Amino acid sequence: MPSKSRIPARLRGIHLYPIFAGEPNWMQCERSIIPEEANGSIPVRFSFIVPQAMTQENTPTIFAAEKRAHWRALEPEIWSIQGADLDAVPTQSILTTLWDQPRWLEAYHLYDQRGSELFEQICGLPEYYLTRTENAILETHARDIIARAPVRCIVELGAGYSKKTVHLLTEQLRQRGSSIFAPIDVSAAGLRASRAAVRSAFPEIQFHGLHARYEEGFSAIDKNLPTLFVFLGSTIGNFNHSDFPRFFRALSAAMGPGDFLLLGADRVKDVKVLEDAYNDSRGVTAEFILNVFDHINRLLHGNFARDNMRYYSRYNPEWQRIEMYAVARARQDIRFADIDAPFQWQKDEKILVEISRKFDPLRLQEQLRFFDLGAVEHFTDPREWFSVLRRHTVGQILEGDGAAQLAQRGGKVAAVIVARLSLERARQMQPRNRRVHVMDAVKIEIQK
Ligand code: AVJ
């Protein structure tokens with residue numbers, strides 16, 4: 001094993017990329033290695049190249065120690081999980097859900113290049129109040145949100161570099177002088193755009209784009225790095241009843257004692273307002289939803305005929321969600337060139353392309369308690385159309401040092417949460433944690 005001392009000091013702790021003859025571009029290398037892995041002597045003709053961006057900032061500190069080795073730089077400041085094949089996932093997802101009864105699709109397929117552009121257009125539509133309303137809430141409260149979440153890192157789920165992110169980053173810099181910003185997205189293009197925007201508007205910010213699915217991304221973040229997880233735009237509205245608990249269970253487990261979650265959720269409201277937002281007069285939403293079939297045709301070499309389908313959407317009051325469908329105008333015999341999976345899409349048969357759930361904030365707040373997420377604060381707009389909830393993990397705050405620290409530092413934060421943790425609630429928690437939670441709850445109440 002080459003001893004550590006043989007590695008020049010300035011390279012220590014940096015991922016090194018093996019460059020073999022005929023591999024002039026470090027980005028094309030299969031994997032990053034650390035010198036200890038080179039096992040024995042360093043091969044002849046083995047040389048190291050250290051991309052500039054990395055000599056400047058060393059190995060990023062955002063990853064948990066046990067996860068760090070799994071991530072490699074896809075390109076400067078953009079990381080992906082070694083060996084992860086993000087492209088293989090969509091095909092599998094599309095085929096399984098298209099063969100379900102009723103047929104449906106996962107919402108993330110909507111965001112190919114054209115889909116992303118169409119969604120941008122939707123955000124500017126007069127009927128689509130969500131983006132505008134959420135922006136206004138964040139603009140008004142960014143200072144307060146950031147002040148009460150003393151973090152060093154902001155992790156955004158979904159790359160979106162939009163006005164709302166700008167409000168948060170501006171405040172974070174104003175109040176803390178520096179920060180890490182780590183968007184997580186399955187779209188490398190989205191991450192590149194975000195990187196470019198951050199580079200020019202906020203050069204002080206350390207940028208780490210994580211090219212991954214949400215759960216893979218946030219689970220890799222170091223629990224000791226105080227982090228504000230940001231999940232806005234009411235994207236949780238896309239989650240069905242099995243995605244939802246899986247997502248929050250994983251997020252809650254990934255959160256450390258100093259972490260916060262900022263969640264944007266659209267609220268139940270007048271049905272006409274809701275239905276108009278998803279059936280705009282210019283037909284942009286229809287185009288956005290049906291565009292998914294062009295995307296699928298390209299991915300799977302399929303033959304969905306766009307001129308033989310129509311868009312249909314409605315608010316389902318029992319499920320409190322907008323349902324967005326593609327309906328066959330006439331029977332279509334669907335085939336995929338490379339996959340033996342033909343099926344008949346019957347006339348008038350609906351494919352559920354997207355759902356957008358609407359929330360009662362109190363109900364949501366109550367539900368999230370059972371993922372150990374306690375409300376810190378709730379912001380809404382004057383019409384009460386949209387809610388931004390700021391949460392903290394109850395379970396982890398109340399463990400050991402974290403509890404004491406928080407009780408001292410953020411009296412207000414701890415007070416709200418502890419008030420919500422009844423003995424009864426604590427007893428419902430996992431046996432492993434039961435004693436800790438109960439004792440610490442009492443302890444903090446005394447300090448308070
Ligand atoms: C991005 C999921 C929040 O549900 O309002 C907008 C997507 N679909 N118009 C939403 C969408 C049709 C949007 N989310």
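For my notes, buried means under 20% relative accessible area. I am working from a predicted model.

**Entry 1: helix H9**

I started with H9, residues 243-254. Which of its residues are buried? I listed Asp 243, Phe 244, Pro 245, Phe 247, Phe 248, Ala 250, Leu 251, Ser 252 and Ala 254. That is nine of twelve, so I put H9 down as mostly covered. I also checked the length of H9: at 1.5 Å a residue the helix should span 16 Å, and its end C-alpha atoms do lie 16 Å apart, so the two agree.

**Entry 2: the protein as a whole**

I then stepped back for the totals. I have 17 helices and 17 strands in the protein. Of its 448 residues, 52% are buried. For contacts with a separation of 6 or more, I get 71% between residues 24 or more positions apart.

**Entry 3: a three-stranded sheet**

Next I looked at an open sheet, which has three strands in the order E11-E12-E15 with antiparallel pairing. Why do E11 and E15 each have a side without a neighbour in the sheet? Strand E11 (309-316) and strand E15 (350-357) are at the edges with a single partner strand each, so one side of each is left free of a neighbour there. From one strand to the next, the twist averages 20 degrees.

I went through the pairings in turn. E11 and E12 are antiparallel over eight bridges, and they make a hairpin with four residues between them. In that turn I noted Gln 320, whose phi is positive at about 50 degrees. Strand E12 (residues 321-328) and E15 are also antiparallel, over seven bridges. Across that second pairing, I found Tyr 325 opposite Leu 352 in E15.

What lies across the three strands? I found helix H11, residues 284-300, lying over E11, E12 and E15 and running at about 120 degrees to E11.

**Entry 4: Ser 313**

I picked one residue of strand E11, Ser 313. Buried or exposed? Its relative accessibility is 15%; the cut-off for buried is under 20%, so I count Ser 313 as buried. In the sheet, Ser 313 stands opposite Met 324 in E12.

I looked up its polar partners too. The Ser 313 side chain reaches the backbone oxygen of Tyr 278 at 3.5 Å, and it makes a polar contact with the side chain of Tyr 311, again listed at 3.5 Å. Leaving out residues up to four places away in sequence, Ser 313 touches Tyr 278, Asn 279, Glu 323 and Met 324.

**Entry 5: the nonpolar cores**

Last, the cores. In soluble globular proteins, nonpolar side chains tend to be buried together. The largest nonpolar core here has 64 residues, and Phe 293, Phe 304, Phe 336 and Trp 345 touch the most other members. Which element gives the most to this core? I get H11, with nine residues. I also noted a second, separate core of 37 residues, which includes Ile 62, Trp 79, Ala 182 and Leu 251. Leu 251 was already in my notes as one of the buried residues of H9.

I finished on Trp 345. Apart from its neighbours within four places in sequence, its contacts include Phe 293 and Phe 304. Among the others I wrote down Met 309, Ala 326, Val 327, Ala 328 and Ile 351. Arg 331 and Gln 332 are also in contact with Trp 345.

Methods. Residues are numbered from 1 along each chain as its sequence is written. This is a predicted model: local features need pLDDT of at least 70, side-chain atom pairs count only at pLDDT 80 or more; totals for chains, interfaces and linings use all residues. Side-chain values use heavy atoms; hydrogens and water are left out. Two strands pair if DSSP finds at least two bridges between them. Helices (H or I, at least four residues) and strands (E, at least two) are DSSP runs, numbered from the N terminus. Axes are lines fitted to C-alpha atoms, for helices over the stretch in contact, and angles run from 0 to 180 degrees between N-to-C directions. Contact means heavy atoms within 4.5 Å. A nonpolar core is a set of buried Ala, Val, Leu, Ile, Met, Phe, Trp, Tyr and Cys residues joined through side-chain atoms within 4.5 Å. Buried means under 20% relative accessible area, exposed over 50%, partly exposed in between (1.4 Å probe, protein chains only). A polar contact is a pair of N or O atoms within 3.5 Å; within protein, one must be able to donate a hydrogen and the other to accept it, and residues adjacent in sequence count only if both atoms are side-chain atoms. The expected span of a helix is 1.5 Å times one less than its number of residues.
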